[in-house]
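Thanks for asking for a walk through this structure. Please open the model beside these notes and follow along point by point.

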Amino acid sequence: MADILLEGRNLTMLYPVRRGLFQGLIGMVRAVDNVSFSIERGKTLSLVGESGAGKTTTAKSVLLLERATSGSVYFEGKDIYQYNKDQLKREYRPRVQAVQQNPWSSMNPRMRVKDIVAEPLVVNAKQSKKENYDRVVELLDQVGLKAEHAEHFPHEFSGGQRQRIAVARALALNPSLVVLDEPVSALDVSIRAQIMNLLKDLQEAHNLSYLVIAHNLATVRYMSHGVAIMYLGQIVEYGDTEDLFENPLHPYTNALISASDLKLPEDRDQNEKEIILSGEMPSPLNPPTGCRFHTRCPEARPECSKIEPEMVTVGKHQVKCHKFV
């Protein structure tokens, strides 16, 4: 039986939209709409989709930066929305950490690295300065930096080194889950593989679980054990990484893979053409009826505009499409 560390159940996140500061309510944006997923201990789940798909909002519900309008998040089988402030501080927040897309923006330029990495320890762990410093040196070593780097400031490092510092800070409290928001997209291509390999090595060494927010499918395929494809606030396909990439079922998944750099033009089959989606993603304030993807789907049927498809299991993964209902 799978050892589930974290589970999102029927998460929905609504945001009111008003006309002007003091005027009436126009409507509600369904940024996340009835989303469910799970992450096994020591495994990686990636949330994939275009901007506005709901990936980051879903991650915010896990990090408790925002509370879901409905649904809940379960950590080791316990509903964290039922925790009081003291339980959240002691039992949840230290064990769920984050690494942001741009490490430069998440660091105080006036603080030395030793203070940046030690910040979670100062807030959460009652240790001496010597113990904190020893822990910082240990963490820097784990991410491939040297002890003398502790005395430097963020501007003295390259982008890849700053991301290593951000990873070290996230590991300070020995978390069980790390949320990685586009962890390599802000880095040079030559550095991305180094950081991805570092994250995978740390995962194996510490039995870490990762929730990855990403749009680069090469990164997703390399790092993930499971993938959830999101479109306009909903998960439309969900399953094992290799099975999903080798046998994508949803038309949107097919389009994402077709447009990615996973296949070079010369590697495509003679009859295989890149799928170009028409138009832009509709507004989450007024989403299409039926299947939300039908306005851009090259395989849309009459029922797609009228009836919302159910999520069904096909083979090793789940898909939300009328072709399989």
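The notes below go through sheets, single residues and cysteines in turn.

1. Some ground rules come first. This is a predicted model, in which local features need pLDDT of at least 70 and side-chain atom pairs count only at pLDDT 80 or more, while totals for chains, interfaces and linings use all residues. Residues are numbered from 1 along each chain as its sequence is written, and side-chain values use heavy atoms, with hydrogens and water left out.

2. A good place to start is the open sheet, where four strands run in the order 2-1-4-5 with antiparallel pairing. Strands here are DSSP runs of E with at least two residues, helices are runs of H or I with at least four, and both are numbered from the N terminus. Two strands pair if DSSP finds at least two bridges between them. The edges are strand 2 (25–40) and strand 5 (78–79), each of which pairs on one side only. Strand 1 (residues 4–18) joins strand 2 through 11 bridges in the antiparallel sense, and there Pro-16 has Met-28 of strand 2 as its bridge partner.

3. Two asparagines in this sheet deserve a look at their backbone. Most residues other than glycine have a negative phi. Asn-10, which lies in strand 1, has a positive phi near 50°. Asn-34 is found in strand 2, and its phi is also positive, at about 60°. For exposure, buried means under 20% relative accessible area, exposed over 50%, and partly exposed in between (1.4 Å probe, protein chains only). Asn-10 is partly exposed because its relative accessible area is 41%, and Asn-34 is partly exposed at 48%.

4. Next, please turn to strand 10 (residues 234–240). Why is this strand largely enclosed by the rest of the structure? Six of its seven residues are buried. Strand 10 pairs with strand 9 (residues 226–231) in the antiparallel sense over six bridges, with Ile-235 as the bridge partner of Met-230. The hairpin of these two strands has two residues between them, and Leu-232 takes a positive phi near 50° there. Strand 10 also pairs with strand 12 (residues 317–320), again antiparallel, over three bridges; in this pairing Tyr-238 stands opposite Gln-318.

5. Ala-214 sits in strand 8 (residues 209–214). With a relative accessibility of 3%, Ala-214 counts as buried. Contact means heavy atoms within 4.5 Å. Not counting residues up to four places away in sequence, Ala-214 touches Leu-47, Val-48, Gly-49, Lys-55, Glu-182 and Val-220.

6. Which side chain of opposite charge is nearest to Arg-169? That is Glu-119, 4.6 Å away, and the buried Arg-169 has no salt bridge. A salt bridge needs a side-chain nitrogen of Lys or Arg within 4 Å of a carboxyl oxygen of Asp or Glu. For charge, Lys and Arg count as positive and Asp and Glu as negative, with His and the chain ends not counted. Arg-169 belongs to helix 5 (residues 159–171), and a polar atom of its side chain lies 3.1 Å from the backbone oxygen of Ser-106. Beyond neighbours within four places in sequence, the contacts of Arg-169 are Ser-106, Met-107, Ile-116, Val-117 and Pro-120.

7. Finally, the cysteines. A disulfide is a pair of cysteine sulfur atoms within 2.5 Å, and the count comes to zero. The sulfur of Cys-291 has its closest cysteine sulfur in Cys-304, 5.8 Å away, which is too far for a bond. Cys-297 is in no disulfide either, with the sulfur of Cys-304 nearest at 6.3 Å. Cys-291 is buried at 12% relative accessible area, and Cys-297 is buried at 16%.

Terms used. Polar contact = N/O pair within 3.5 Å; in protein donor to acceptor, adjacent residues only side chain to side chain.
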